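Me: I am new to this structure and would appreciate a formal, close look at a single part of it. Please describe that part with care, and then set it beside other places in the chain.
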Amino acid sequence: MNDENGILMADTIMSATWMIVATYLLYSNTYATNVGTVQKRATEYVNSSTYRLPKSVIPDKYVIYLVPFHPEQFKFKGNVTITLNITEATDRVTLHANIMEINTWTVTKTSTEGVPVSVNETFQTESTDDHQFFILYLNDTMTEGSQYAVSLGFTGELRDDMFGFYRSSYTFNNEVRWIAATQFSMTQARRAFPCFDEPAFKAKFQINIAHYNNLTALSNMPLMATSDPDPELNGRVWDHFYETVPMSTYLVGFVVTDFKNITNDYANFTVWAREDSIENGNFSQIIGMALLQELERYTGIEYPLPKIDQVALPDFAAGAMENWGLVTYRETSLLFDEKESTATNRANIAMIIGHELSHMWFGNLVSPDWWRYTWLKEGFARYFQCTSLQIKYLEPTWRLRDIFLVAQQHEAFSTDSLNTTDSLNNDCSTPDEILAKFSTIAYNKGACVLRLIRHVLTEETFRKGLQRYLNERQYSTAEPYHLYSALHEQATADNRLSGVEGTVEILFEKWASQPGYPARFLLAASDDSSLKWTIPLSWTSQSGSPGGFNITTPKEWFYDTDATKKIADIATNDEWVIFNNQESGYYRVNYDYENWNKIAYFLESDVYENIHVVNRAQLLNDAFNLARAGQLSYETVLNVTRYLSREKDYIPWNSAFSGLSFINRFLRSSDEYSLFVSYVLGMIESLYNSVGFEQGDNDDYTTILVRASALSWACDLGHEDCILANQPIDDLSDSDYRILSNLRRVIYCSAVYNGDMADWNFLWDRYNNATLTATRTLIITALGCTKNTTILESYLFKSIDETSGIRKQDAATVFSAVYANRQGVDIALDFLVQNFDNVSVFYGGLGALGNAILDLGDRLTLNAQVEKLRQFIEDNESKLGTSLLSARKGLETAEENILWLDKNGETILSWLRKQTSDLETTALARTTAETTTPTDSAHKHSI
């Protein structure tokens with residue numbers, strides 16, 4: 001019966017299409033005299049609107065039929081019927097449609113058994129208009145409380161830009177295989193079917209897709225039935241999927257592929273990939289099911305849908321997308337090869353899966369009411385991608401809670417310190433503005449603010465509060481006050497805020513509504529910023545360490561109404577004190593000269609580990625960045641770094657390498673650069689020797705990370721014993737030569753750096769022959785390491801050449817690989833300026849271009865470079881679109897960098913000269929002592 005119904009439904013669409021066309025022609029003739037008036041009215045309405053859809057018409061259910069014609073035409077046709085609830089009397093239906101032709105339409109009132117309502121006229125904005133509206137003007141008013149259905153027939157393009165309903169391909173056995181897939185977040189569902197494309201317009205969806213029998217269609221819900229081949233569609237069959245729960249349009253998804261799969265015993269958790277790659281989906285299958293169970297346990301809510309499919313797509317603009325029940329990924333984000341992939345690949349895959357599965361609750365079950373609150377989904381997902389893995393039966397040894405600080409919070413600080421940065425709750429309207437919301441601020445800072453709240457309320461209260469929030473808002477949308485209210489109710493029940501002035505909303509709302517963060521000057525003058533926050537304060541004194549660092553709930557509060565706050569008896573006069581235990585708060589801390597010196601002196605002692613490892617990373621990151629902002633002397637910062645010759649842990653070294661890389665970038669052109677090289681090599685010598693380059697069977701994840709970092713720095717600075725110093729690239733082609741997967745990036749980069757054109761071409765060939773996407777991505781980065789500027793320029797042109805073999809999703813990675821090379825900064829900048837039209841096409845996916853320009857700005861060290869970037873932004877302001885804000889941030893960073901060098905360069909060199917002089921004096925004294933020691937020893941022995 002289901003098959004027969006499917007055929008009848010398909011036939012109905014075809015016949016209804018012709019009927020509606022005829023009806024439309026009749027209506028157009030009947031009401032031709034009103035067309036000019038309607039068009040004028042529509043134009044005035046669009047021009048005066050705020051880009052948002054009116055709420056007088058609310059979608060309840062969509063029934064969608066789609067026929068992708070690939071590879072014949074790279075087009076698709078379809079029909080959508082939307083059931084509408086009328087909440088306010090109106091004669092207009094306004095919805096979204098973009099880059100499609102709507103050629104048929106009809107409107108019916110459900111209570112009149114399908115009798116059409118006459119349509120006066122329609123109006124569709126141009127594809128270049130940010131409204132992207134399709135408007136139906138009716139001759140009668142739809143009354144409040146009534147229900148209507150609008151049916152629209154349409155055709156669209158299967159483009160290759162990785163947005164909307166798009167096409168992708170791969171080659172298998174010398175045959176090109178075609179794929180049709182979707183990416184609807186944030187405003188691209190309107191490119192696949194006309195819809196109410198805003199997150200608050202949740203509705204049910206029943207999807208039907210036609211395809212050839214040798215292909216498989218997937219959607220959010222399980223397959224309900226498949227029809228017999230349809231002769232009118234060249235033998236295609238119709239797949240009919242079960243109706244979804246209420247959800248936002250951006251979460252709808254479907255793919256048509258010839259992929260193979262790995263599934264569980266119940267066939268409800270499945271990984272899909274190319275036939276020659278599906279064996280690399282085993283890790284994702286195992287870790288995905290474990291993560292889903294953990295998230296169910298944490299939220300107290302079972303996963304709401306009957307199944308989850310995870311699909312690895314060859315071309316995908318984002319890292320992954322949380323379509324409800326059909327999660328799509330880049331291949332690098334889902335496929336793991338036990339022999340060839342790195343430990344970082346493994347961890348990244350696990351975290352990305354954790355991120356996407358977290359969205360099943362935070363974003364899908366409860367969606368942000370509007371995109372200004374993007375952090376209510378992305379902040380949660382970024383937070384849980386780390387915390388959900390660090391439990392005993394998943395990956396506790398990865399120390400992701402510690403890594404969170406250096407990978408998320410410190411990165412957020414860097415972006416959040418710019419004058420051009422917006423707040424978490426900053427509003428947005430146009431599609432470009434909406435895309436710009438998906439930034440470091442929404443992801444990293446959003447996660448950090450949630451972590452801050454969690455430490456204040458405690459883990460148990462935070463978890464219970466989130467369960468309240470999810471249960472109260474499930475299948476609906478939320479604004480921040482809904483979250484604050486649920487957390488406050490739980491905090492009150494658990495007596496967590498006794499004696500604290502204010503509710504959860506009062507305490508934490510400014511962290512989301514204001515840009516930036518506090519940089520408090522404790523034991524010194526107060527911060528005079530016009531922005532104020534209520535700050536939870538925790539601290540540990542020298543005598544209270546190491547145990548004091550484990551207490552992350554606040555001991556005191558610095559309220560936004562406080563100008564200063566005196567805290568008595570936190571430490572004795574000869575002790576240091578460190579604020580912000582485990583960096584649980586989203587703020588930096590500065591101290592007076594005396595406390596910094598006490599900390600630096602203690603770090604050089606044998607008991608330096610009494611300071612928590614996260615706080616050691618915090619001290620380094622705060623010090624480097626406070627100095628960069630002119631709020632701390634570089635002498636003090638460099639004094640703190642002297643202890644690093646003892647440090648073996650990855651977390652502090654990550655902060656150190658981040659801070660040192662900034663200095664390294666600017667001192668490279670100095671005649672005294674060797675002073676810096678000598679100092680850093682001396683610091684990392686002990687670390688370099690302790691980790692070596694041979695991976696042990698029991699090495700944990702952070703050991704693997706710190707080894708790769710140490711070797712990379714040692715090789716980059718010319719360490720004489722570097723494993724790569726005399727490694728000819730020809731050895732890389734020897735089948736008996738095994739490269740440790742976790743060091744392959746370092747090895748490839750060094751080989752290319754020290755090689756010639758033949759060596760570069762050898763690695764380029766290896767890229768083209770690699771089947772694992774993670775390996776191809778690694779090689780793309782390494783190819784940018786060459787010193788040959790001609791090769792670098794040619795490499796950039798390959799990134800905008802469709803025939804080069806570089807996929808569009810990876811084009812921006814080529815650009816970043818070149819400008820990350822000190823020889824490539826000018827080449828990358830000139831390439832951007834001279835080829836921007838092509839660059840914007842190939843690098844444009846989901847903020848990739850903006851991120852590239854932002855990072856390039858941080859690499860500029862010369863006034864001429866900064867002026868060239870400034871002129872480029874001025875000349876292309878209208879073309880930059882979603883990348884404009886990132887470009888301005890990049891320019892701001894570049895301008896600050898130039899000022900930094902003028903102000904701090906000589907101070908740093910002076911400290912390095914003194915350090916070198918002190919070391920030479922110490923070495924001379926040691927030599928003198930060694931020549932006199934035997935006599936002294938003999939004399940003492942005789943006594």
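What follows looks closely at Tyr586 and the loop between β27 and β28, and then turns to other places in the chain.

Reply: The model is a predicted one, and every value below was computed from it. A brief word on the whole chain comes before the detail. The secondary structure comprises 28 helices and 28 strands. Of the chain's 943 residues, 57% count as buried. Among the contacts with a separation of 6 or more, 72% join residues that are 24 or more positions apart.

The part chosen is the loop between β27 and β28, where Tyr586 lies. Is Tyr586 buried or exposed? Its relative accessible area is 0%, so Tyr586 is buried. Which residues does Tyr586 touch, once its neighbours within four places in sequence are set aside? The list runs to Gln409, Ala412, Phe413, Asp416, Lys445, Cys448, Leu452, Trp511, Gly516, Tyr517 and Pro518. One of these, Asp416, makes a polar contact with Tyr586, from side chain to side chain, at 2.9 Å. Ala519 offers a further point of reference, since the C-alpha atoms of Tyr586 and Ala519 are 9.4 Å apart although 67 residues separate the two along the chain.

The loop that holds Tyr586 also holds Gln582, as it runs from β27 (577-579) to β28 (588-590). Gln582 is not a glycine, yet its phi is positive, at about 55 degrees. Gln582 has a relative accessible area of 18%, and because buried means under 20%, Gln582 counts as buried. A second residue with a positive phi is Arg399, for which the angle is near 55 degrees; Arg399, too, is a residue other than glycine. It is placed in the loop between α5 (375-387) and α6 (400-416). The relative accessible area of Arg399 is 18%, and Arg399 is therefore buried.

Attention now moves to another loop, which joins β25 (539-541) and β26 (556-558) and includes Pro546. Ser545 belongs to the loop between β25 and β26 as well. The peptide bond that leads from Ser545 to Pro546 is cis, with omega near 5 degrees. With a relative accessibility of 14%, Ser545 counts as buried. Its side chain reaches the backbone oxygen of Gln542 at 2.7 Å. Beyond its neighbours within four places in sequence, Ser545 is in contact with Thr540, Trp576 and Asn610. Another cis peptide bond runs from Ser185 to Met186, again with omega near 5 degrees. Met186 is situated in the loop between β10 (175-183) and β11 (204-211).

A further buried loop residue deserves mention. Lys307 lies between α3 (282-299) and β18 (308-313). The relative accessible area of Lys307 is 7%, so this lysine is buried. A polar atom of the Lys307 side chain lies 2.6 Å from the backbone oxygen of Ser219. Ser219 is also among the contacts of Lys307 outside its neighbours within four places in sequence, and the others are Asn220, Met221, Pro222, Asn268, Gly325 and Leu326.

The helices at higher residue numbers complete the picture. The axes of α19 (residues 757-769) and α20 (residues 773-782) come within 9 Å of each other and cross at roughly 155 degrees. Because an angle over 145 degrees counts as roughly antiparallel, α19 and α20 are described as roughly antiparallel to each other. The crossing of α19 with α20 is left-handed. Where the two helices meet, α19 contributes Leu763, Arg766, Tyr767 and Asn768, while α20 contributes Arg776, Ile779, Ile780 and Ala782. By type, the residues of this contact divide into 5 nonpolar, 1 polar and 2 charged.

Helix α23 (residues 825-834) has Val825, Ile827, Ala828, Leu829, Phe831 and Leu832 as its buried residues. Other helices contribute to the cover over these residues, including α21 (789-798), α22 (808-819), α24 (836-842), α25 (848-857) and α26 (863-875).

To return to the part first chosen, Tyr586 is buried at 0% relative accessible area, and its side chain makes a polar contact with that of Asp416.

How values were computed:
Residues are numbered from 1 along each chain as its sequence is written. This is a predicted model: local features need pLDDT of at least 70, side-chain atom pairs count only at pLDDT 80 or more; totals for chains, interfaces and linings use all residues. Side-chain values use heavy atoms; hydrogens and water are left out. Helices (H or I, at least four residues) and strands (E, at least two) are DSSP runs, numbered from the N terminus. Buried means under 20% relative accessible area, exposed over 50%, partly exposed in between (1.4 Å probe, protein chains only). A polar contact is a pair of N or O atoms within 3.5 Å; within protein, one must be able to donate a hydrogen and the other to accept it, and residues adjacent in sequence count only if both atoms are side-chain atoms. Contact means heavy atoms within 4.5 Å. Axes are lines fitted to C-alpha atoms, for helices over the stretch in contact, and angles run from 0 to 180 degrees between N-to-C directions. Angles under 35 degrees count as roughly parallel, over 145 as roughly antiparallel, 65 to 115 as roughly perpendicular and the rest as oblique. A crossing is left-handed if the near helix is turned anticlockwise from the far one by less than a right angle, and right-handed if clockwise. Ala, Val, Leu, Ile, Met, Phe, Trp, Tyr, Cys and Pro count as nonpolar, Asp, Glu, Lys and Arg as charged, and the others, Gly among them, as polar.
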